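Colleague: Please take one part of this model and look at it closely with me, going slowly, as I am in my first year. I would like to know how its pieces fit together and what the words you use mean.

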Amino acid sequence: MTTDTSLVTRSPEENWLPVLELAVEEVFEIMVGCRVKPAAQSDLKPKGEFTAMVGLAGALCGILTVCCDAKTAGEVARSMLGDTARSEEEVADALGEICNMIAGNFKNKLAGTDDRCMLSVPTVISGGEYNFYSLAEGNFMETVMLFADQPVSVRLQLNS
Amino acid sequence: MDKIRVLIVDDSSVMRKIVERSLRQAGIEIEKVVEASNGAEGLAALRDNVVDLILCDINMPVMDGLEFVRQVSTVENAKGVPIVMITTEGSEAHVVQALQAGARGYIRKPFTSDQVKEHVLPVLGKKP
């Protein structure tokens, strides 16, 4: 686990993206049984058919989202559960838990933050016909990871 | 090892399945699994079932895991049953709160079956 206190005092975009990417990689490797890596193409975006969200409050205040297409979300659920994962509800549940674990793993890596930051229970939106607006006016960071060659976007929007 | 009866309290049905699978992968033989999706359901389940082990998340709607652990000792069936938290809340403060509330072990998500083995077997009186 990374415990560099200096991470908390610098610009989040500058310092926290590698921490976020590491948190994502660990969650996928341990819970999904699959290695993921940041996509080489920065413009690669998933179709947002499933979006999982977890709110952060306290020392870190904002929202973490995990977004991918329906097929990829289904593959994530099947990798976690085996062939028993069939319903849309189970797929949403699985993606919500992935988002929850990424948020927890990320904050646990930031020294001095984990004790003073709470997570909400996950919320998952399915269906792509929506726009996402956040009232937070602070910093954000985003990484696109490849899972089975398909893009999965992980975005952390922080309130200023 | 004797087969055990276990209560798994987590608002995610996916996570409840993964926890059960991890117990089996850790070599723990299970006679019965009782599931609950929050602390209040967990307390109700304990009134109707005798279990040997409780595994519990912290962040849940209705009643969170810490409040659930505090109230477990009020259920006659559940007095002395070991509780292990399995949660994304990995801070030292949460660990201390959970242990003070009555939990005997603490596993951070994401977790491996080896970590489940390491933390669960001792509270069942077995060597990991």
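Modeller: Before the close look, one remark on chain A: of its contacts (heavy atoms within 4.5 Å) with a separation of 6 or more, 65% are between residues 24 or more positions apart. Please keep in mind that this is a predicted model, in which local features need pLDDT of at least 70 and side-chain atom pairs count only at pLDDT 80 or more, whereas totals for chains, interfaces and linings use all residues; side-chain values use heavy atoms, with hydrogens and water left out. Residues are numbered from 1 along each chain as its sequence is written, while chains are lettered from A and ligands numbered from 1 in the order in which they are written.

The part I have chosen is the open sheet of chain B, in which five strands follow one another in the order β2-β1-β3-β4-β5 with parallel pairing. Helices (H or I, at least four residues) and strands (E, at least two residues) are DSSP runs numbered from the N terminus, and two strands pair if DSSP finds at least two bridges between them. At the edges lie β2 (30–36) and β5 (105–108) of chain B, each of which pairs on one side only. Neighbouring strands of the sheet are turned by 20° against each other on average, with direction ignored; here axes are lines fitted to C-alpha atoms, for helices over the stretch in contact, and angles run from 0 to 180 degrees between N-to-C directions. To take one pair, β1 (residues 4–9) of chain B runs parallel to β2(B) and is joined to β2(B) by six bridges. Within that pair, R5(B) has K32(B) of β2(B) as its bridge partner.

Helix α2 (residues 39–48) of chain B packs on the sheet, where α2(B) touches β1, β2 and β3 (53–56) of chain B, and the direction of α2(B) makes about 155° with that of β1(B). Another helix, α4 (residues 92–101) of chain B, lies across β4 (83–87) and β5 of chain B and runs at about 150° to β5(B).

Which residues of α2(B) are buried? They are G39(B), G42(B), L43(B), A45(B) and L46(B), where buried means under 20% relative accessible area, exposed over 50%, and partly exposed in between (1.4 Å probe, protein chains only). These residues are on the same side of α2(B) because they cover an arc of only 160° around the axis, the arc being that of the directions from the helix axis to the C-beta atoms. A general point helps here: an α-helix has 3.6 residues a turn, so residues three or four places apart point the same way. The buried residues of α2(B) pack against β1, β2, β3 and α3 (65–72) of chain B, whereas the face turned away from the buried side carries the exposed residues R47(B) and D48(B).

Helix α3(B) can be read in a similar manner, with G65(B), L66(B), F68(B), V69(B) and V72(B) as its buried residues. They too lie on the same side of their helix, because their arc around the axis of α3(B) is only 160°. The buried residues of α3(B) pack against β1, α2, β3, β4 and α4 of chain B.

Now for the cores, a nonpolar core being a set of buried Ala, Val, Leu, Ile, Met, Phe, Trp, Tyr and Cys residues joined through side-chain atoms within 4.5 Å. The largest nonpolar core has 65 residues, and those with the most contacts inside this core are L64(A), I102(A), L53(B) and V120(B). Helix α5 (residues 88–109) of chain A supplies the largest share of this core, namely 10 residues. V120(B) touches L23(B), I28(B), L53(B), L55(B), V84(B) and I107(B), if residues up to four places away in sequence are not counted. A second, separate core has 27 residues, including I58(B), L66(B), V81(B) and A103(B).

Two single residues complete the picture. S91(B), in the loop between β4 and α4 of chain B, counts as buried because its relative accessible area is 0%; the C-alpha atoms of S91(B) and L53(B), 38 residues apart along the chain, are separated by 23 Å. E97(A), in helix α5 of chain A, is buried as well, with a relative accessible area of 2%. Leaving out residues up to four places away in sequence, E97(A) touches P122(A), S12(B), M15(B) and K109(B).
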